[in-house]
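User: I've got this one open on my screen and would like to talk it through. Can you take my questions one at a time?

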Amino acid sequence: MALSSGRTTTQNVFGYTDRFSARPGEELSFHISCEGPATYDAALVRLRHGYDGQAGPGFLEAEVPSTIDGTYPGQYHACQPGSYVEVPDPNGLLANPGALVISAAVFPTLPRDNRSGNLGAYRVSQSSVGFTGERQAVMGTWDAATMTGWALLLDDGKPSFVWSEGGRQQTLTLEQELTGHQWYRIDVELPRSAGRITLRQSPLGHCADRVAPAAAAAVPEQASAPASAVWTASSMPFRIGALARRDGDRLLAATAFNGKIGGLRVERATGDAREPVAAWHFGRSRRPDGLLLWDVVDEGPHGLHGNCVNAPVRGVTGPAFRGVVEDFRLEPDEFDAIHFHDDDIADAQWPAAFTFEVPEDLPSGVYAVRLRADGIEQHVPFLVGPGRRRKDIAVLFPTATYLAYANDRIAFEADGMEMLLGHTPIVHKEDLVLQDHPEFGRSLYEIHNDGSGVVFGSVRRPLISLQPRYRASFMSEGPWGLPADLSLVHWLETAECEFDALTDEDLDREGYDLLRDYRVVITGSHPEYVTRRELDALEEFTAHDGRLMYLGGNGFFATVSYDPGAPHLMELRRADGGTRPHQSPFAERRHTTSGEAGGLWRNKGKAPQRLVGVGMAAQGFDRCTHYERLADSRDPRAAFIFEGVGENELLGGFGIIGGGAAGSEIDCWNPALGSPPGTLVLATSGPFSDNYLLVTEEIFEMLPGMGGTEQPAVRSDIVYCALEGGGGFFSVGSIAWTGSLSHNGYDNNIATITGNVLRRFRDEKPLEIQ
């Protein structure tokens, strides 16, 4: 694979696993690529603590003897982004273009490669696919190595048709460059015998538009060229949105398209008549639930159904969209389109280096395969779920949030980051690795090369930000994500509390049945993204005498969905409300993997306050602060929480995350959004800086006074509530809380309070309501 900027000469070892977790008796596969080293060592380790700064216990892991331990040969595997549809054509109906009549609607979002370099490093040199200039494939079978087949493309934004005559490339290109973000119809007619190829484009006014100025200003164009009709078919598969190219034994994507394609029809001229060959409908599904997943329907007579590769975005509006219906299942004809990107990636498709069957006696917890070679060290983390004997405590690790932030490059590429953070982004070595490897894909906080928001995240690619020592560049100090949750893991270890490790995927798949046998469920530090089934399961858990310890902030905030047949892939679409890095257009906010509307749960009647008493209030990334006790902390029902804590003691003015227990992203009590009656507000945070701003979902006019020094709603509240039936919740409303547990060797008031709550919550005696 030729990289346009040249692959870095730094030696590296990268890996990923096929999913985040497995249970005893199940098997995980590990996929490893070496850049330089001839061999590498693999070992199973249990991750105990992540943050390696001086303020905490440091990085801690324990080796666990296993069947995968050993030395392996190092092999390099390319990671090839670019989404497309591949259509099996066993009878070669599309291989020979003779007498074909091709029609496609296209909506280019990056007609020419006018980017400023984002993700440009992975792009394949055009000379390697037999073209010059910037070309994007609409469809075809072109084989650059043999100069055979055909393709409909955009050539520097201009419609172009390429074919082979006797093993030589022939090209017909129109003069007008297409305008970005406008629909066009492109038609090609090919002769059966010697004659002329005709290529034409015509602008399509959007059905929702009363006036389409850009389309009206453009004019149709047509061109033709002679063809001998000595067609040379290729052995390459027929693809929509990209072409195929060989890389050893693999077929990779070349000249990937950026934009929407729809209305695809192929006919064959027979005398004065036309016989249908294929009629793909990107808005229709053969599933009873109407979801648009990997299969692409051909409504033509030959059933040339296709398969999506690298998760292009479906459920998007096509040229027939009328601007009213926003659910793709109700009016499929209006959603006859797929949005392709040249940087989509759902599966790196590296071969498995080894597999690991989880032993029946391996305790549930957080593990990793540690890879070492020539002074390099990488970890591939995973979780081992519960075995046959369940503990009474479960930790729900926010793997959906891990995936949303995975491979986050915001520090380098987001505008105004210093203003948002209140400090210069801190760059760590993992951030530099990501800059060298854009082909590993983007986080769901970023935009694609064409400016549209990233909506799919996959486990099956190297996830650099899941390294256990990783520090997010936007934090002034301290860990984030999995490394932050390892602080909770180590606290439980020091308290000699065994637990079962659960993931968002587990809970979404199994619902309340997964939780019913646990006395206590503890969250990680940042359970921002959850599915509807997860919320329902947790609500049922607390209603049936379960006790929930929410030890984080910005929790249960926004909607995600998992692909029902490929749960390694997660979908996250952004609606037009609330704090968000980008948003999907109207009628493209519904998840095609579940049918769920995207957006904040508070805007869909399931605000986090209903579940845990607090909800998102503000975020800030300069410094964290302490808590001060309130009158409710002296209520007899809460006495157990503050045993061993002084009456006027400030809580948590210390910690490895920003120097305090309250901060980063914070939640407050709000009965208007559903904080249950009887909720005790035990403590509230000390002062925050004006870098902490009230969340946009609470602001209806842009007014001054929204910062932490002026706005009373910018605060973090600790709350406790006992519920009917014996259950209840304890919530801290701060991402930074777990970072304070280890202070002074775990001898501090944050660890004391957390331990007090856990002890009482494990007790079968019902919690006191009055």
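**Strands, helices and a few residues**

Analyst: Sure, and keep in mind that this is a predicted model. To start us off, strand 13 (residues 183-189) and strand 14 (residues 195-204) run antiparallel, joined by 7 bridges.

User: How many residues lie between strand 13 and strand 14 in their hairpin?

Analyst: Tyr184 has its bridge partner in strand 14, namely Pro203. The two strands, 13 and 14, form a hairpin, and the number of residues between them is 5.

User: Which residue in strand 15 is the bridge partner of Arg200?

Analyst: Strand 14 also runs antiparallel to strand 15 (residues 221-227), with 7 bridges joining them. Within strand 15, the partner of Arg200 is Gln222.

User: Which strands are the edges of the open sheet of 8 strands?

Analyst: Pairing in this sheet is mixed, and the order reads 29-27-30-32-42-41-39-37. An edge strand here pairs on one side only, and that picks out strand 29 (500-503) and strand 37 (627-629).

User: What does the twist average from one strand to the next?

Analyst: We're still on the open sheet with the order 29-27-30-32-42-41-39-37. From each strand to the next, its twist averages 20°.

User: Which residue of strand 29 does Phe397 stand opposite?

Analyst: Strand 27 (residues 393-397) pairs with strand 29 in the parallel sense, over 4 bridges. Opposite Phe397, in strand 29, stands Thr503.

User: What angle does the direction of helix 11 make with that of strand 32?

Analyst: Let's take helix 8 (residues 532-543) before that: it packs on the sheet, touching strands that include strand 27 and strand 30 (520-523), and its direction makes about 125° with that of strand 32. Helix 11 (residues 749-762) packs on the sheet too, with strand 41 (717-722) and strand 42 among the strands it touches. For helix 11, the angle with strand 32 is about 165°.

User: Is Glu588 buried or exposed?

Analyst: Glu588 sits in the loop between strand 35 (569-571) and helix 9 (608-612). Leaving out residues up to four places away in sequence, Glu588 touches Lys260, Gly315, Val316, Thr317 and Arg573. Its relative accessible area is 8%, and the cut-off is under 20%, so Glu588 counts as buried.

User: And Val427: which residues form a nonpolar patch on the surface with it?

Analyst: Val427 lies in the loop between helix 4 (417-421) and helix 5 (429-436). Its relative accessibility is 42%, so Val427 counts as partly exposed. The patch has about 260 Å² of accessible area together, and Val427 shares it with Phe412 and Leu432.

Terms used:
Residues are numbered from 1 along each chain as its sequence is written. This is a predicted model: local features need pLDDT of at least 70, side-chain atom pairs count only at pLDDT 80 or more; totals for chains, interfaces and linings use all residues. Side-chain values use heavy atoms; hydrogens and water are left out. Patches are made of residues with over 30% relative accessible area and no salt bridge: like charges are joined within 9 Å, nonpolar side chains (Val, Leu, Ile, Met, Phe, Trp, Tyr) within 5 Å. Accessible areas come from the Shrake-Rupley method with a 1.4 Å probe; for residues, only the protein chains shown count as cover. A salt bridge is a side-chain nitrogen of Lys or Arg within 4 Å of a carboxyl oxygen of Asp or Glu. Buried means under 20% relative accessible area, exposed over 50%, partly exposed in between (1.4 Å probe, protein chains only). Two strands pair if DSSP finds at least two bridges between them. Axes are lines fitted to C-alpha atoms, for helices over the stretch in contact, and angles run from 0 to 180 degrees between N-to-C directions. Contact means heavy atoms within 4.5 Å.
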